[in-house]
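Visitor: I like to see how a label is earned before I trust it. Could you take me through a few of the terms used for this structure?

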Amino acid sequence: MTFDLGMPLLAEVALFALAVLVLIVGLITQGNAHQRIGWLTLIGLVGVLGLTFVATEGASLFSLSFVQDDFALFAKRLFIVATMVSLLGSLTLRHSTFARRSAEYHFAILSSLVGMMVLASARDLVLIFVAFELMSIPLYVLTGFLKRDSTTSEAALKFFLVGTVSSAVIAYGMSFIYGVTGSTALEAIGPALADGSPLMVLGMTMLFAGLSFKIAAFPFHMWAPDAYEAASTPFVAWLAVAPKAAGFVAIIRLYVEGAGSTSLMWMPMVAAIAGMTIVTGNLMAIPQSNIKRLLAYSGIAHIGYMLIGLAAFSSSGVAMMLFYLVAYLFGNMGAFMVVEAVAQSESSDGIDAYKGLAQRSPLLALAMLIFLLSLGGIPFVAGFWAKLYVFWAAIERGLYGLVFLGAVLTVVALYYYLLVARRMYIETSDRTDPIPVPGLLGLAIVICLIGVIGIGVYPGPWVDMALRVASTLF
Amino acid sequence: MGLQPFLVLSSALFCIGLFGVITRRNTIGILLGIELMLNSVNINLVAFSRFNGSVAGMVFTVFTISITVAEMALGLAIVILLFRVRRTAMADHLDLLKG
């Protein structure tokens, strides 16, 4: 086998090498190495992102258990971009823990990213499980990273317990799938489901329950607000996007690609979970007084909207879910970055800290407004097209009730987003000094703004790309 | 002996573990429950592997065992950290975050 830059697994190996390098640099540098390690990680990630663009599409390894198809490459780019935006934000963190243990922070993020990247390519139950755990375990560490703080360890423990139980449920479900099919390859799932073996249905249902924990869908969503409130904001911005996207990737691999034509039998279950997730997320967001909790519950609602796309179980449905993920990435991460800027200056995550923001820092308030409008689904920002297309795909499949529910609750969502906007634009504050925004955090916000407005004004190429990626799965 | 007794054993173990996770007030007890759940997976996999005549299940078991160890090590570390900061390991004392 000759070496070329398009080889499958090369990006993952490079990423792992980068993670080890970061750890070594952290060991040999003395004093505050946060900036140096952060930049090293960012530059390395640019290289890995480049590798995903020269990768040979359709190449595979280990008798098809590791594939590098369109879908995998799309997911990998999404994960890397999300990580880069988050790292831009975390470079400005002044907390002493980040100064002392920066290498560990970046190592944990990079190893979690390796897990996500392998997961995107995995087409084998064992590989999916191992990649999922490689992704999840660093997340518990990162949630409890500021370990002197009394709330972070509590949040880390809650997140850990819920996450491990869900891993156990996933593994238990997988053991039944292996038992019925006698193989760990995804291709074996479809025929076994078509035979209607009850153990197989049990296994796939347990697997879905476990994966719902990971994406924080309705009955299993309670860990998200706690983890979001306690952990550091740039990490939370990433936690709200990348691992959720990875969970969706695993679901698509297992239930769309693996189950094949039998996937339609999951439609009622997914539709029910989607509906309940939207209702819970949106209603629970209304009474929140902490902006991170509000964004956590609104994020749960967005997971529900993405599940609508999945519930359609059609090529366009999955495509629009992927498009929704891209729009959600920029909108949600942008909002969290503004939260970080305000929190650094005001030392508060309360919604009341946003009073009079429009007078103090008009540009920051405008950015926050655009992100909130995108999350709410107002025309000409990314979130509008995302919601519209997801609804459209569901209507094609006759899911009228679900679309109606989603549309009604969009109005509820706008209510609590505009509550924040009212504090920024209508209420006044005693303080008039502008909020200082560190340059790199500003850059992260600008990147998210470009993403949100760019997709909002000109969604065509993104939709085409999502449609092309999804069409390879059916 | 057929496959069935093994499946009954593993599902009983899984349910006991889940019951422990839900009812235990001490976080160490919850960790033990999770351990039981993960071990029922191993019994399942090895039994299926034996009766399917394929070695893949055994390989899967090796991975689940090592992942379980990693998870439990991290879990205990978090519990110790929590005990140092808050002087408690009881799950119902963890009420700083809610809403």
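Guide: Gladly. Buried means under 20% relative accessible area. Please keep in mind that this is a predicted model.

Visitor: Why is A:Asp226 called buried?

Guide: A:Asp226 has a relative accessible area of 7%. The cut-off is under 20%, so A:Asp226 counts as buried.

Visitor: What makes A:Arg293 and A:Asp226 a salt bridge?

Guide: Their side chains meet with N to O at 3.2 Å. The rule asks for a Lys or Arg side-chain nitrogen within 4 Å of an Asp or Glu carboxyl oxygen, so the pair qualifies. A:Arg293 lies in helix 14 of chain A and A:Asp226 in helix 10 of chain A, so the bridge ties together parts 67 residues apart in sequence. A:Arg293 is buried too, because its relative accessible area is 3%.

Visitor: Why is A:Glu104 called partly exposed?

Guide: A:Glu104 has 41% relative accessibility. Partly exposed covers what is neither under 20% nor over 50%, so A:Glu104 belongs there. A:Glu104 forms a salt bridge with A:Arg101, with the closest N and O atoms 3.1 Å apart. A:Arg101, at 16%, counts as buried.

Visitor: How do you know that A:Asp349 and A:Lys292 form a salt bridge?

Guide: The N to O distance is 3.7 Å, and the limit is 4 Å, so the pair counts. A:Asp349 sits in the loop between helix 15 and helix 16 of chain A, and A:Lys292 in helix 14 of chain A, 57 residues apart. A:Lys292 is buried, with a relative accessible area of 3%.

Visitor: What makes A:Glu154, A:Lys158, A:Asp226, A:Glu229, A:Arg293 and B:Arg86 one network?

Guide: They are joined by salt bridges that share partners. Among the members, B:Arg86 and A:Glu154 meet in a salt bridge at 3.0 Å, N to O. The count between chain A and chain B is one salt bridge.

Visitor: How do you know that A:Lys244 has no salt bridge?

Guide: The nearest side chain of opposite charge, A:Asp226, is 13 Å away from buried A:Lys244. A salt bridge needs a nitrogen and an oxygen within 4 Å, so this pair does not qualify. A:Lys244, in helix 12 of chain A, does make a polar contact with the side chain of A:Tyr228 at 2.7 Å. The cut-off there is 3.5 Å.

Definitions and conventions: Residues numbered from 1 in each chain as written. Chains lettered and ligands numbered in written order. Predicted model: local features only at pLDDT ≥ 70, side-chain atom pairs only at ≥ 80, totals over all residues. Heavy atoms only, no water. Helix = DSSP H or I, 4+ residues; strand = E, 2+ residues; numbered from the N terminus. Buried < 20%, exposed > 50% of the residue type's maximum accessible area, 1.4 Å probe, protein only. Lys, Arg positive; Asp, Glu negative; His and termini not counted. Polar contact = N/O pair within 3.5 Å; in protein donor to acceptor, adjacent residues only side chain to side chain.
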